[in-house]
Amino acid sequence: MTINATERRTAVRERYARAATTGDGCCGPSDCGAPSNGPDPTAATATAAPASPTTTADEISCAVGYDQDELSRVPEGANLGLGCGNPVALASLAPGETVLDLGSGAGFDCFLAAERVGPTGRVVGVDMTPEMLEKARANALSGGFANVEFRLGEIEALPVADASVDAIISNCVLNLSADRPRVLAEAMRVLRPSGRVMISDLVSDRPMPDFVANSQESLVGCLPVGIAEYQADLAAAGFTAIGVEKRQRYPSEHILSDPRVQEVIRRDPALAAEVHSFVESIHGGTIQAVRPGGTKEG
């Protein structure tokens, strides 16, 4: 059974509403893990070991590239352990810049970005889940982040003015969109000339089996985007200086436990090897690109 865009959006919203209120992560607390050789955000072949159900959000975040100093500087409850990388560390943010976070969640990356851009800069987070928005705004208030604001909206139709943003960040969100090309077109619209995107997302260099792509549990549990597909979508949106790179392996064994996937494999056991190979290919990756143009507007 194919899942349409509306069903996909509803499923994702419901899952992240639960994450905001109960702490249930993207892949479920028992499915997330840390690289067995320690966090190494620059390693393209780092592997991840399964974590116990008691794995904390901070442990997950350390595994994908954050350090303890960063974790200590955000309000309690801002880090839900939902990321697959650290886009703020790689975005080269400068004082006075305006930063937009797509799918800002409880505000974790927004607060780290706010420190980088300083009091003369500004950070805007956009999220479609009211429960996340409420949590993020409370975190901003408790942390005294006056240069951060959060807006309710979908990343396919950003509530942001044209050519008003210097940098766009996002963390394990675009892979959940039912219309990623539209998201990237919106990113192009709101960026100033020479503005840039620095996205952490799940990527793979293996084709996704159709029956996995149509599994609701898998899609809200973070399915990857093909590397070539990401490159093509960015180019089609008009971006230049495109780079898509695999980094640490992301534990995605939750896909194997999906009832729809299990049913397909039961009917055709030969497909089991295909699914296992695909799961092993899923990595956290960095996606970067630049909007062409010389002089910034606005």
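The paragraphs below walk through this protein from its overall make-up to a few of its residues.

Let us begin with the whole chain, keeping in mind that this is a predicted model. The protein has 298 residues, and 56% of them are buried. Its secondary structure consists of 12 helices and 10 strands. If you take the contacts between residues at least 6 apart in sequence, 77% of them join residues at least 24 apart. On the outside, the protein exposes about 12,100 Å², with carbon and sulfur atoms supplying 53% of that area.

Now let us step inside. In soluble globular proteins, nonpolar side chains tend to be buried together. Here the largest nonpolar core has 28 residues, and Leu100, Ile168 and Tyr230 are those with the most contacts inside it. Several elements each give at least two residues to this core, among them strand E3 (98-102), strand E6 (165-171), helix H10 (227-237) and strand E10 (283-290). Helix H7 (180-190) is on that list too, and H7 provides the largest share of the core, with five residues. There is also a second, separate core of 27 residues, which includes Tyr66, Val74, Val88 and Ala113.

Tyr230 is a good place to pause. Setting aside neighbours within four places in sequence, Tyr230 is in contact with Leu174, Arg180, Ile199, Asp201, Val203, Val225, Val244 and Ile287. One of these partners deserves a second look: Arg180 lies over the face of Tyr230, at 5.4 Å from the ring centre.

Follow helix H7 a little further and you come to Met188, which lies in that helix. Met188 counts as buried because its relative accessibility is 13%, below the 20% cut-off. Which residues does Met188 touch, not counting those up to four places away in sequence? They are Ala237, Gly238, Phe239, Arg291 and Pro292. Pro292 is 104 residues away from Met188 along the chain, yet the C-alpha atoms of the two are separated by 9.4 Å.

Strand E10 also holds His283. This histidine is buried, with a relative accessible area of 8%. A polar atom of the His283 side chain lies 3.0 Å from the backbone oxygen of Ser281.

Next, look at the aromatic rings. The structure holds three aromatic pairs. In one of them, the ring centres of Tyr66 and Phe108 are 4.7 Å apart and the planes stand at 40 degrees, so this pair is tilted. Tyr66 sits in the loop between helix H2 (57-63) and helix H3 (68-72), while Phe108 belongs to helix H5 (residues 108-117), so the pair ties together parts that are 42 residues apart in sequence. Tyr66 is buried at 4% relative accessibility, and Phe108 is buried at 8%. Elsewhere, ring pairs link Phe111, Phe145 and Phe150 into a cluster.

That brings us to helix H5 itself. Why can H5 be called largely enclosed by the rest of the structure? Eight of its 10 residues are buried, which is the reason for that description. The buried residues of H5 include Phe108 and Phe111, both of which take part in the ring pairs described above. Ala113, from the second core, is another of the buried residues of H5. Just after the helix, Gly118 takes a positive phi of about 70 degrees, and with that glycine our walk comes to its end.

Technical notes:
Residues are numbered from 1 along each chain as its sequence is written. This is a predicted model: local features need pLDDT of at least 70, side-chain atom pairs count only at pLDDT 80 or more; totals for chains, interfaces and linings use all residues. Side-chain values use heavy atoms; hydrogens and water are left out. Helices (H or I, at least four residues) and strands (E, at least two) are DSSP runs, numbered from the N terminus. Buried means under 20% relative accessible area, exposed over 50%, partly exposed in between (1.4 Å probe, protein chains only). Contact means heavy atoms within 4.5 Å. Accessible areas come from the Shrake-Rupley method with a 1.4 Å probe; for residues, only the protein chains shown count as cover. Rings of Phe, Tyr and Trp (its six-membered ring) pair if their centres lie within 6.5 Å; planes under 30 degrees apart count as stacked, over 60 as edge-to-face and the rest as tilted. A charge sits over a ring if NZ of Lys or CZ of Arg is within 6 Å of the ring centre and within 35 degrees of the ring normal. A nonpolar core is a set of buried Ala, Val, Leu, Ile, Met, Phe, Trp, Tyr and Cys residues joined through side-chain atoms within 4.5 Å. A polar contact is a pair of N or O atoms within 3.5 Å; within protein, one must be able to donate a hydrogen and the other to accept it, and residues adjacent in sequence count only if both atoms are side-chain atoms.
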